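Student: I would like to go through one strand and one helix of this structure. Please show me the sequence and the model.

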Amino acid sequence: MKTLFIVNPVAGRNNCYRIWNDIKAHIDFPHEVILTKGPGEAKYLAESAVKQGFKRMVAVGGDGTVSEVVNGIVGTDVELGIIPAGSGNDFIKALNIPQRPLDALAVIKKGNSQSVDLGKHDKGYFINVAGAGFDAETLDTNRNLKILRGSPAYVASVILTLLRHGPEKAKITIDGKRYERKLWLVAVANGQYFGGGMKISPDSAIDDGLFDICLLGDISRLEIIKFLPRVFSGSHKEHKAFEVMRGKEVKIELETPRLVQTDGEIIGYTPARFSVLPKALKVIR
């Protein structure tokens, strides 16, 4: 089977290139390799590879790289493989793909695939989690911090976002039924994890044809600071301000237009619409 590795060398704060050099000698089946040169290129490389007849594509990078490749192969019968080499690598957790790149390569060599759901929005598709409100604003703040990295950058981003923003009056429409809430965030989850290991939607399944729509209600800033560490273990789902609904079609409207993210990339502002495409992607796992 014709396999293409699409490698994002700058993923994982430039660690992906080193990871690729470590694993490429272990690839013992026919393949070709392309290194991306900039944001968004992986999508167009994947689209071109489909026309060339590739039946398997392996994204080597983080969730952003995986999402770009998916947007290039959606609607085809191409199988997607993933070698985690990013900062978060959240999507693979829902698939039980190993974090260790060599172990992930072994999964690809076995070649067992499963059909999983995709999310659709006005500008494309997402594989994992979309969100509006606090998570997207924190992501945007984090991207603009130049002097900090890693956990210190995330903590600083949370604090700055808490100082700048608060809960918003929201209208959430799920499968035609409208709910009104005052919310810190809305997360439309296909997978379970986002934000580099935060288990925002512990009960999500990536092949059930439904989103888990996670809502965080109007609590104090101090309570938010207490709430966030619990998200890493999933114990936050017992919090009285956390609510989960399920559905296939979601529309998010906030009183003030707020940033929207999909798979860790800012795509615009609310209002935003999302829909499930059941079992629309084949993933090697």
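Tutor: The questions below deal with burial, strand pairing and helix packing. This is a predicted model, in which local features need pLDDT of at least 70, side-chain atom pairs count only at pLDDT 80 or more, and totals for chains, interfaces and linings use all residues. Residues are numbered from 1 along each chain as its sequence is written, and side-chain values use heavy atoms, with hydrogens and water left out.

Student: How many residues of strand β4 (residues 79-84) are buried?

Tutor: Buried means under 20% relative accessible area, with a 1.4 Å probe and protein chains only; strands are DSSP runs of E with at least two residues, numbered from the N terminus. Glu79, Gly81 and Ile83 are buried on one side of β4, and Leu80, Ile82 and Pro84 on the other. The strand is therefore largely enclosed by the rest of the structure, its buried residues numbering six of six.

Student: Which residue of β4 is the bridge partner of glycine 61?

Tutor: Two strands pair if DSSP finds at least two bridges between them. Strand β3 (residues 56-61) pairs with β4 in the parallel sense over six bridges. The partner of glycine 61 in β4 is proline 84.

Student: Which residue in β15 does leucine 80 stand opposite?

Tutor: Strand β15 (residues 272-284) and β4 are parallel, paired over two bridges. Opposite leucine 80 in β15 is valine 283.

Student: Which residues of helix α2 (residues 16-23) are buried?

Tutor: Helices are DSSP runs of H or I with at least four residues. The buried residues of α2 are Cys16, Ile19, Trp20 and Ile23.

Note on methods. Buried < 20%, exposed > 50% of the residue type's maximum accessible area, 1.4 Å probe, protein only.
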